[in-house]
Amino acid sequence: QEEVAQLDEKMEELLKAEEEQNIQADLSGRVKNLYAREGDEVQEVMLSKGTLAEISTDGKMALQIRTERKRNPGDTVEVRSDGKETWEGTVEEAGGKVYEITLTDDGPKSGENAAVWDEKGNLLGSGVLYIHQPVSVIGHTGTIHRISVDEGEMIQKGDVLFTLDSRQERDSAGLEEERQEKEEKLQELLR
C-alpha cells in the first residue's frame, strides 16, 4: 500500500510537470546576464553557460587592476568603459600592486573592458568588469516559454524570472513513457 501511495504521488507530480512552471528569484538584486532565450531548452543552456541568468546581489560590479601607484581602500577613482561611459569607483581591496575597484551595477556590463583613472587624470590600469557578488539562476528541464525580466532590471526575491512549458513533444513523450511504467508497476502491485 505504501508503494501504491508513493506511485500515486509520483504520477500526480508527472501530471503537474506537464503544466507551465516558473523559475523564481532566490534573492533580490539586479539581472546582469540573461543567457536563456524564449524557446531554448533549459538543459542545453545549463550545459553551455552553466546558468540561465546571473544576478548581482550587492549592487556592485568590480574589476581588478595592477598599478605601481599606491592606492588606499576607500579612495575614489573614475572607471571608464570601452564604450566611453564613466562611473565613480572605490578602491576596496589592496594586495601588493593589485587593487579591486567596485562601482555601481546599474549600467556597466559584465565582461566589458574598463580603465581606471585617479583624481588627477592619471591612468592607473585596466581590467575586465565582473559581477562583484553574483548568483546564478539554475533550472533542470523544460523549455523557456516566457522571460519575465530584462537585463539591468531590479528584481525581488520570489519574482518570476522564467516560465517553462514542459508540454513540448519531446518532454511529453518522456513523461508518457514514465507514466506508462508507473501504471504497469501500480497494476502489478495491485495484483
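1. A good place to start is burial: of the 191 residues in the protein, 39% are buried. Please keep in mind throughout that this is a predicted model. The accessible surface of the protein comes to about 11,500 Å², and carbon and sulfur atoms account for 43% of that area.

2. On secondary structure, the protein has 14 strands along with three helices. As for how the chain folds back on itself, take the contacts between residues at least 6 apart in sequence: 69% of these join residues at least 24 apart.

3. Next, the charged pairs. Side chains of opposite charge can pair when their charged atoms come close. The structure holds seven salt bridges, and three of them are worth a look in turn: Arg 30 with Asp 105, Glu 119 with Arg 71, and Glu 78 with Arg 80.

4. In the salt bridge between Arg 30 and Asp 105, the closest N and O atoms are 2.8 Å apart. Arg 30 sits in strand E2 (residues 29-34), while Asp 105 belongs to the loop between strand E7 (98-104) and strand E8 (113-117), so this pair ties together parts 75 residues apart in sequence. Both partners are buried. For Arg 30 the relative accessibility is 11%, and the cut-off for buried is under 20%, which means that this residue counts as buried.

5. Arg 30 deserves a second look for its surroundings. Which residues does Arg 30 contact, leaving aside its neighbours within four places in sequence? The list is Glu 54, Ile 55, Ser 56, Asp 105, Asp 106, Gly 152, Glu 153 and Met 154.

6. The salt bridge between the side chains of Glu 119 and Arg 71 has an N to O distance of 3.8 Å. Glu 119 lies in the loop between E8 and strand E9 (123-128), and Arg 71 in the loop between strand E4 (60-66) and strand E5 (76-81), so the pair links parts that are 48 residues apart in sequence. Are the two partners buried or exposed? Glu 119 is exposed, with a relative accessible area of 57%, whereas Arg 71 is buried, at 10%.

7. Glu 78 and Arg 80 also meet through their side chains in a salt bridge, at 2.7 Å from N to O. Glu 78 is partly exposed, with a relative accessible area of 30%. Arg 80 counts as partly exposed too, its relative accessibility being 29%. Elsewhere, salt bridges with shared partners join Arg 30, Asp 105 and Asp 106 into one network.

8. Turning to unpaired charge, you may like to inspect the surface around helix H3. Glu 181, Glu 183, Glu 184 and Glu 188 gather there in a patch of negative charge. Glu 181 is found in helix H3, which covers residues 169-190. Its relative accessibility is 48%, so Glu 181 counts as partly exposed, a class that ends where exposed begins, at over 50%.

9. One last spot to check is Ala 94, in strand E6 (residues 86-95). Ala 94 is partly exposed, with a relative accessible area of 45%. How far apart are the C-alpha atoms of Ala 94 and Gln 64? They are separated by 9.8 Å, for two residues 30 apart along the chain.

Note on methods. Residues are numbered from 1 along each chain as its sequence is written. This is a predicted model: local features need pLDDT of at least 70, side-chain atom pairs count only at pLDDT 80 or more; totals for chains, interfaces and linings use all residues. Side-chain values use heavy atoms; hydrogens and water are left out. Patches are made of residues with over 30% relative accessible area and no salt bridge: like charges are joined within 9 Å, nonpolar side chains (Val, Leu, Ile, Met, Phe, Trp, Tyr) within 5 Å. Accessible areas come from the Shrake-Rupley method with a 1.4 Å probe; for residues, only the protein chains shown count as cover. A salt bridge is a side-chain nitrogen of Lys or Arg within 4 Å of a carboxyl oxygen of Asp or Glu. Lys and Arg count as positive and Asp and Glu as negative; His and the chain ends are not counted. The place of a charge is taken as NZ of Lys, CZ of Arg, CG of Asp or CD of Glu. Helices (H or I, at least four residues) and strands (E, at least two) are DSSP runs, numbered from the N terminus. Buried means under 20% relative accessible area, exposed over 50%, partly exposed in between (1.4 Å probe, protein chains only). Contact means heavy atoms within 4.5 Å.
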